[in-house]
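Subject: Structure handover

Hi,

Here is the structure I promised to pass on. Please have it open while you read; my notes follow below.

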Amino acid sequence: MDAALEISGLRKSYKGFVLDDVSFSIPAGTIMGLIGPNGAGKTTVIKLVMNLIRRESGAVRIFGRDNIAHEPEAKARIGFVYDEPCFPPDIGLDRIASAVAPFYPRWDWKLFSGTLEEFGLPPRKKFKTLSHGMKMKFALALALAHDADLILMDEPTTGLDPVFRHELLVRLSAVIQDERKSVLFSTHLTSDLEKIADHVTFIHEGSIVFSAPKDEILETYGLVKAGGREVAASEIPGLKGYRHSAYGLEALTGDLEAARRSIGPRAVYERASLEDIMYFISKGEPHA
Amino acid sequence: MHRIMRQDLIFNRNNLLLMLAIMTCVFVYFAGWAEGLSPRAYFLLAAFYVGASMGITLAAREDKHKTAALICSLPVRRSTIVAARFVLTWALMLLTLVYASLLTAVLPFSQIDLIAVVNVKFILVGLLILSAVFSLILPFTIRFGVMGVILFLVAAQVLSVLVLLAFHFFRMENSLFPSPLRMVSRGLRFLLGPSSTVIHMLIIVAIVLAFNAASFFASRALYARRDL
């Protein structure tokens, strides 16, 4: 399958933060969730893809083309939804769209008007009068109106009510029914991704922890729970992180079957959610 | 490039109209009530004012509303964005300067007979002042936003005061050190003086072009390196 987006060896450093050797790819026709705690580097990755910040090394290819050497062609195929939509505040939505539309050869006014109507956004309303949720809806309407092949969304569901979050997820699932289209969706709300993502990339402290199909991750990762001192964390194969609580040891393993074989009935085993995985890897005590 | 210019006009329409209203008030005041203001001074003052205000209007608004991320996420190169902004700002400056000149002819109470001093050399000198102000301010605005303009103006004033103090206290006018300043001073006197030969005008045109080329390439390089 062709990749909609390929990132390899990406590096960007700021004072006190380094995004280092980030590599992953998004197959066409899939939704990839980019997860990680706040400050992990999700927005930095998306900005590097959009060439909003300069990369120090590495490569970004959008539908096989370098995102800097072929910037206009690559960006024409991207619909970008910012974490904080940055449109001029004192201008009507229809005027913003009229300024943006000429940049996209596949812009569809009928689709745009229909999406605004569906989202309950009056075209003449000024951007500054919109609530946060409505701003996100407008940004999404713009991204969808030019028939983008790759939709990049940076924390689109943060601050949205559950009803619109659900609507958004349904809408994104509909987008990828067209198998040419792909979505990269960064969030720290992992429950959203469990509903729709095909692939998940987890980034922590500027490095990729894993990038794999969601089902494979949920199959292989698991929680090992043992009471008292019956099981030492160091015994657990594929240990990713653990914590001790009043009930005993709770640990995340990256190889649930190996842990089950090794520790046997001394512990109980559960499938880990993406939230568990994110918690233990970013906050749990590291394995020895 | 035209799409960026069109977008800038749509996004900044209200602000540009407000600027025009403010400039109209300023020009009307100078034309009707500023005593002792010669037509030359009016024209050069207008050129300076237009260059300073129009030069920062578009970039400052982008800085205020953080719309640079939107513009740079569109399918266009940053160098095209800078080129479009350069061309659009020049077009707006020229239109505003023509407007300022026409006001003196149209206003019944105008004390300035600008028509009497309209000649090629004087217009070129006006463009030179416009270029000098705009060309210096633009790279600062593009790199540092409104704060860059403020820093630039403060730094220019501090530098001027220091030069004046140095001249006053150390009698530097007689030393070898200020010879570059004397050269600049002589150059300005030559450019603004009565001579208007073809060579004289070609020199002014060359300086205008040099100012703009340097400013454009510096702005382009700065914008390309800007992280948003």
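A definition before the notes: domain bounds here come from an automatic or database domain assignment. Please also keep in mind that this is a predicted model.

Domains of chain A

The assignment splits chain A into domain 1 (3–212) and domain 2 (221–282). Taken over C-alpha atoms, the centres of domain 1 of chain A and domain 2 of chain A are 34 Å apart. The two domains do touch: 10 residues of domain 1 of chain A and 7 residues of domain 2 of chain A make the contact.

What builds the domain 1 side? Two elements of chain A, α7 (190–196) and β9 (199–204), each bring at least two residues to the side that touches domain 2 of chain A. α7(A) has the largest share there, with 4 residues. By class, this side of domain 1 of chain A holds 6 nonpolar, 3 polar and 1 charged residues.

Chain A against chain B

Next, the contact between the chains. Chain A puts in 21 residues and chain B puts in 20 residues. On the chain A side, α2 (71–76) and α3 (93–100) each supply at least two residues. α2(A) gives the most to the side that touches chain B, namely 4 residues.

How do the residues on the chain A side divide by class? There are 15 nonpolar, 1 polar and 5 charged residues on the side of chain A that touches chain B.

When you look, I would start with α7(A) for the domain contact and α2(A) for the chain contact.

Best wishes

Terms used:
Residues are numbered from 1 along each chain as its sequence is written. Chains are lettered from A and ligands numbered from 1 in the order in which they are written. This is a predicted model: local features need pLDDT of at least 70, side-chain atom pairs count only at pLDDT 80 or more; totals for chains, interfaces and linings use all residues. Ala, Val, Leu, Ile, Met, Phe, Trp, Tyr, Cys and Pro count as nonpolar, Asp, Glu, Lys and Arg as charged, and the others, Gly among them, as polar.
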